[in-house]
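Colleague: Please take one part of this model and look at it closely. Start with what is shielded from solvent, then work outward to the rest of the chain.

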Amino acid sequence: MLNQFSRTQLLLGQESMGKLKNSRVAVFGIGGVGGYVCEALVRSGIQNFDLIDDDLVCLTNLNRQIHATLQTVGKHKVDVMAERMKTINPKVNIQVHKCFFLPENAHTFDFSQYDYVVDAIDTVSAKIEIVLKAQENKVTVISSMGAGNKLDPSRFKVADIYKTEMDPLARVMRRELKKRRVKRLKVVYSNEKPIRPLEDMSISCRAHCICPAGAEIKCTDRRDIPGSTAFVPAAAGLLIASEVVKDLCEK
């Protein structure tokens with residue numbers, strides 16, 4: 001029967017579409033990268049999701065996050081992303097978790113329930129814990145490396161973490177995962193050298209913080225505030241989504 005996923009089925013086939021429909025994907029981090037992951041996956045026919053993030057949409061998110069509009073500023077990212085996904089497929093089953101995933105609360109997540117895990121957060125300790133929990137439960141996981149301070153979306157690649165280069169976040173992850181004897185991890189990373197953001201105090205979040213009231217973590221709490229574009233995080237997110245679809249269809 002003709003439906004919103006028919007054009008995808010022409011390429012993947014009915015059996016693969018059934019696999020996608022019945023898969024459960026957890027996306028940790030619903031920001032510039034994670035939002036595009038969710039967008040592409042729900043448009044690909046995946047019907048079961050867990051969205052994990054405690055952040056609120058900020059005005060500064062509008063330049064790169066697909067769920068960020070003037071109407072959604074101040075709302076929970078998981079809520080606005082879930083609402084958007086349901087307008088694409090009303091049958092989608094979404095569990096929202098309004099929290100930041102940390103090693104301290106990792107025990108509250110049952111990774112054995114997931115068919116695929118997407119790590120789209122930027123805290124190293126949390127990223128490592130996601131990888132460890134996923135591998136412990138034999139769940140496929142893909143991790144996003146740095147998307148900030150980059151301008152060239154064509155420089156993103158899919159690789160094992162130990163074959164990455166130029167990415168500062170990947171360098172730290174390699175070191176920490178090696179300590180924990182993690183032998184492999186699929187990642188999406190850019191080999192573009194990061195650009196140093198301009199020091200313009202007239203538009204500095206540190207000098208003019210506009211984080212929504214109630215935000216758990218404010219931009220002024222961050223050590224560095226990266227520059228970003230509309231197309232670089234999107235490219236990373238779409239590349240991750242393509243790997244998720246491919247891997248689930250091959251199971």
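**One helix and its surroundings**

Modeller: Start with helix α5, whose buried residues are A126, K127, I128, E129, I130, V131, K133 and A134. Keep in mind that this is a predicted model. The cut-off for "buried" is under 20% relative accessible area. The list mixes residue types: it includes I128, I130 and V131, but also K127, E129 and K133. For reading such a list, recall that an α-helix has 3.6 residues a turn, so residues three or four places apart point the same way.

Now the helix itself. α5 runs over residues 124-136, 13 residues in total. From first C-alpha to last it reaches 18 Å. That is close to the 18 Å expected at 1.5 Å a residue.

What lies over those buried positions? The cover includes three strands, β1 (24-28), β4 (116-119) and β5 (140-144). Helix α6 (168-179) is also part of the cover.

One residue of that second helix deserves a closer look. E176 is found in α6. Is E176 buried or exposed? It has a relative accessible area of 14%, so E176 is buried. Setting aside neighbours within four places in sequence, E176 is in contact with V124 and I128. V124 is where α5 begins. I128 is itself among the buried residues of α5.

Next, the exit from the helix. Just after α5, K138 takes a positive phi of about 55°. K138 sits in the loop between α5 and β5. Most residues other than glycine have a negative phi, and most peptide bonds are trans. K138 is not a glycine, yet its phi is positive. Its relative accessibility is 77%, so K138 counts as exposed. The cut-off there is over 50%. The strand after that loop, β5, is one of the elements covering the buried residues of α5.

Follow the chain past β5 and a positive phi turns up again. N149 has a phi near 60°, and N149 is a residue other than glycine. N149 lies in the loop between β5 and β6 (156-160).

Step back to the whole fold. The protein chain has seven helices and seven strands. From the N terminus on, the order is α-α-β-α-β-α-β-β-α-β-β-α-β-α. A compact globule of 251 residues would have a radius of gyration near 18 Å; the chain has 18 Å, so the two agree. Along the principal axes, the C-alpha trace spans about 55 × 45 × 35 Å. Of the 251 residues, 49% count as buried. Take the contacts with a separation of 6 or more: residues 24 or more positions apart account for 70% of them.

Now three loop residues in other parts of the chain. C58 and T60 share a setting, the loop between β2 (48-52) and α4 (77-88). C58 has 7% relative accessibility, so C58 counts as buried. T60 has 32%, so T60 counts as partly exposed. C58 and F101 are 43 residues apart in sequence and 20 Å apart in space, C-alpha to C-alpha. For T60 and E192 the figures are 132 residues and 24 Å, again C-alpha to C-alpha.

C99 is found in the loop between β3 (93-97) and β4. The strand β4 is also part of the cover over α5. C99 has 22% relative accessibility, so C99 counts as partly exposed. Apart from neighbours within four places in sequence, C99 is in contact with I52, D53, D54, N105 and F109. C99 and E83 are 16 residues apart in sequence and 18 Å apart in space, C-alpha to C-alpha.

Last, a pocket. Rolling a probe the size of a water molecule over the atoms shows where empty space is left. The second largest pocket has a volume of about 410 Å³. Its lining has 15 residues, and N3, Q4, F5, K21 and Q47 lie nearest its centre. Which elements give two or more residues to that lining? They are α1 (6-12) and α2 (14-22). Of the elements, α2 gives the most, with four residues. By type, the lining divides into four nonpolar, nine polar and two charged residues.

Notes
Residues numbered from 1 in each chain as written. Predicted model: local features only at pLDDT ≥ 70, side-chain atom pairs only at ≥ 80, totals over all residues. Heavy atoms only, no water. Expected span 1.5 Å × (residues − 1). Buried < 20%, exposed > 50% of the residue type's maximum accessible area, 1.4 Å probe, protein only. Contact = heavy atoms within 4.5 Å. 1 Å grid on protein atoms, 1.4 Å probe; cavity = no way out; pocket = protein on both sides within 12 Å on 5 of 7 lines; lining within 4 Å. Points joined across faces, edges and corners; volume = space filled by probe spheres on them. Nonpolar A, V, L, I, M, F, W, Y, C, P; charged D, E, K, R; others polar. Rg over C-alpha atoms; globule rule 2.2 N^0.38 Å.
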